[in-house]
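Please find below my notes on the structure, written for someone who has not looked at it before. They go from the whole chain to single residues.

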Amino acid sequence: RMVAPASSEMRSPAMMAHNVRVVHFCRILISIVCGAACGIMGYTGLAGVVFFLLSWIGTGLSFYVRTGWKTEDFFPSQWTLITHDMFQGVLSFILFWTLFYDIVHIY
């Protein structure tokens with residue numbers, strides 16, 4: 001759960017660090033679930049990449065909507081919602097994509 005500063009309270013680094021951890025957890029979890037779904041549905045090649053990009057953009061947009069488009073109150077930078085943990089997300093997605101594709105369609 002993301003934490004917003006009170007109106008009289010300054011932006012707390014501890015609260016922002018907590019929010020970044022929440023984003024990290026959600027991004028990795030969504031990447032794992034979408035990778036598994038992509039593998040089960042049998043997507044290969046560019047279709048899988050598009051599936052990942054749509055899930056990444058959708059997750060980012062959900063955080064923007066959740067914060068009321070005022071990300072500066074919740075995160076150190078707007079780029080945190082766009083690029084944070086992208087490499088870990090890509091690796092998790094590919095791992096579960098190939099794992100579930102192999103389980104369902106090859107074996």
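The numbered points below start with the overall fold and end with individual residues.

1. Status of the model. This is a predicted model, and the points that follow should be read with that in mind.

2. Secondary structure. The protein chain contains four helices and zero strands. Along the sequence, the pattern is therefore α-α-α-α, given that helices are numbered from the N terminus.

3. Dimensions and contacts. Taken along the principal axes, the C-alpha atoms of the protein chain fill a box of roughly 60 × 20 × 20 Å. Of the contacts in the protein chain with a separation of 6 or more, 73% join residues 24 or more positions apart.

4. Surface and burial. The protein chain has 107 residues, and buried residues make up 32% of them. Its accessible surface comes to about 6,600 Å², with 71% of that belonging to carbon and sulfur atoms.

5. Charges. The protein chain carries 6 positive and 5 negative charges, and the mean positions of these two sets are 6 Å apart.

6. The nonpolar patch. Which residues make the nonpolar surface patch of about 910 Å²? The residues are L46, V49, V50, L53, L54, I57, L61, V65 and W69. One of these patch residues, L53, is found in helix α2, which spans residues 46-66. L53 has a relative accessible area of 40%, so it counts as partly exposed rather than exposed, the latter needing over 50%. That 40% also lies over the 30% required of patch residues.

7. W69. This residue is another member of the nonpolar patch, but its place is in the loop between α2 and α3, where α3 covers 79-83. W69 counts as exposed because its relative accessibility is 55%. Its phi is near 65°, a positive value in a residue other than glycine.

8. D85. Phi of D85 is likewise near 65°, again positive in a residue other than glycine. The place of D85 is in the loop between α3 and α4. Is D85 buried or exposed? With a relative accessible area of 12%, D85 is buried, whereas W69 is exposed.

9. S92. Helix α4 runs over residues 86-106 and includes S92. The relative accessibility of S92 is 15%, so S92 counts as buried, the cut-off being under 20%. Leaving aside residues up to four places away in sequence, S92 touches I28, S31 and I32.

Methods. Residues numbered from 1 in each chain as written. Predicted model: local features only at pLDDT ≥ 70, side-chain atom pairs only at ≥ 80, totals over all residues. Heavy atoms only, no water. Patch = residues over 30% accessible without salt bridge, like charges linked within 9 Å, V, L, I, M, F, W, Y side chains within 5 Å. Areas by Shrake-Rupley, 256 points an atom, 1.4 Å probe, with all protein chains shown as cover. Salt bridge = Lys/Arg side-chain N within 4 Å of Asp/Glu carboxyl O. Helix = DSSP H or I, 4+ residues; strand = E, 2+ residues; numbered from the N terminus. Buried < 20%, exposed > 50% of the residue type's maximum accessible area, 1.4 Å probe, protein only. Contact = heavy atoms within 4.5 Å. Lys, Arg positive; Asp, Glu negative; His and termini not counted. Charge placed at Lys NZ, Arg CZ, Asp CG, Glu CD.
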